[in-house]
Amino acid sequence: MPGSQARSRARDRNNVLNRPEFLSLNQPARRDQPAGEGRGGPRRPVFRQPSQQDDGAVRGSREAPEGGVGAEGSPKDASRFPEQDCMQLNPTFRGIAVSALLAIDISLSKRLGMCVGAHGRGAPLRPMVTLLALTGHALPWIIGTLFCLWSSSTLAGQEVLVNLLLALFLDLMTVAGMQKLVKRKGPWDFPPGFLDYVAMDMYSFPAAHASRAAMVCKFLLNHLVLAVPLRILLYLWAFLVGLSRVLLGKHHLSDVGCGFALGFLHFSLVESVWLDSATCQMLISIGTLPWTLLV
């Protein structure tokens, strides 16, 4: 008996499949005892190196009580992988068309951003383009309308100015709400400046300057008697204000186009709820009441 046990141990020791590096290749641990070894005899410890699949199995067993089912193909495994790592094997025609249009929009917007930075292709034109974009900012228009309203003495002029002021506030709040909802970054992803924070113009879609320029252009053309050259210049100004934001790298072309459409929509809304002279005088008296109390 001792001789047979010694020969059995020597045979197992010389077998290369019993080495730890071979036992780690996803093979179950050997639980059978060598031939001739009794129940009470000493057992040889089996060394096994952990593998990647074993780690995955342990991790899956730990996550199974938390998420429910942990088997392959279950909702738990499907939610483990991020959505952007999954490939859509059968995209729809609509999805392909939208992706192509967005790619063209981003490419053209970056090509037109000639005044981006101090060393761009259109760096000499950057001060003039910045000044042109400033003419479509909300702050100059609101301050200018308040000053004209304060200095106006006719009821018709005050009526037009009050409705223009309400249209400016409507445009400001609507565009700020849509930008906060969509949260689209610009083509060059520049941080917003101080004036942008004041006007709540912190995102790209839709373009607030384009919306305001289109709304003001239609408002002035509808309520002011202007000659044909001035009307053409007003249309040209609104177009250049929207284009200046693309040249500065603040907005995409689609942002400016949607801003123009939104500005025309704001004008139509203000025209449909036009405030008469009596309502405007009441609002003016309410607005001037706190100032008279302070004086």
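This report walks through the helices, the salt bridges and a nonpolar surface patch of a predicted model.

Residue numbers start from 1 along each chain as its sequence is written. Because the model is predicted, local features need pLDDT of at least 70 and side-chain atom pairs count only at pLDDT 80 or more, while totals for chains, interfaces and linings use all residues; side-chain values use heavy atoms, with hydrogens and water left out.

**Overall build**

The chain has 13 helices and 0 strands, where helices are DSSP runs of H or I with at least four residues, strands are E runs of at least two, and numbering goes from the N terminus. Of the 295 residues, 29% are buried; buried means under 20% relative accessible area, exposed means over 50%, and partly exposed lies in between (1.4 Å probe, protein chains only). Among contacts (heavy atoms within 4.5 Å) with a separation of 6 or more, 72% join residues 24 or more positions apart. The chain exposes about 19,700 Å², and carbon and sulfur atoms supply 67% of that area, computed by the Shrake-Rupley method with a 1.4 Å probe.

**Salt bridges**

Side chains of opposite charge can pair when their charged atoms come close. The whole structure holds 4 salt bridges, each a side-chain nitrogen of Lys or Arg within 4 Å of a carboxyl oxygen of Asp or Glu. Here are three of the pairs, including their N to O distances.

| Pair | Distance | Separation in sequence |
|---|---|---|
| Asp-105 and Arg-184 | 3.2 Å | 79 residues |
| Arg-212 and Asp-171 | 3.8 Å | 41 residues |
| Asp-201 and Arg-245 | 3.6 Å | 44 residues |

Asp-105 sits in helix α5, while Arg-184 is in the loop between α8 and α9. Asp-105 counts as buried because its relative accessible area is 8%, and Arg-184 is buried at 19%. These two residues are also linked with Asp-255 in a network of salt bridges.

Arg-212 lies in helix α10 and Asp-171 in helix α8, so their bridge ties together separate parts of the sequence. Both Arg-212 and Asp-171 are buried.

Asp-201 belongs to the loop between α9 and α10, and Arg-245 to helix α11. Asp-201 is buried at 5% relative accessible area, as is Arg-245 at 8%.

**A nonpolar patch**

On the surface, Leu-131, Leu-134, Leu-139, Ile-143, Phe-194, Leu-195 and Val-198 make a nonpolar patch of about 650 Å². Patch residues have over 30% relative accessible area and no salt bridge, with nonpolar side chains (Val, Leu, Ile, Met, Phe, Trp, Tyr) joined within 5 Å and like charges within 9 Å. Helices α6, α7 and α9 each supply at least two of the residues, and α9 gives the most, with 3. Leu-139, found in α7, is partly exposed because its relative accessibility is 34%.
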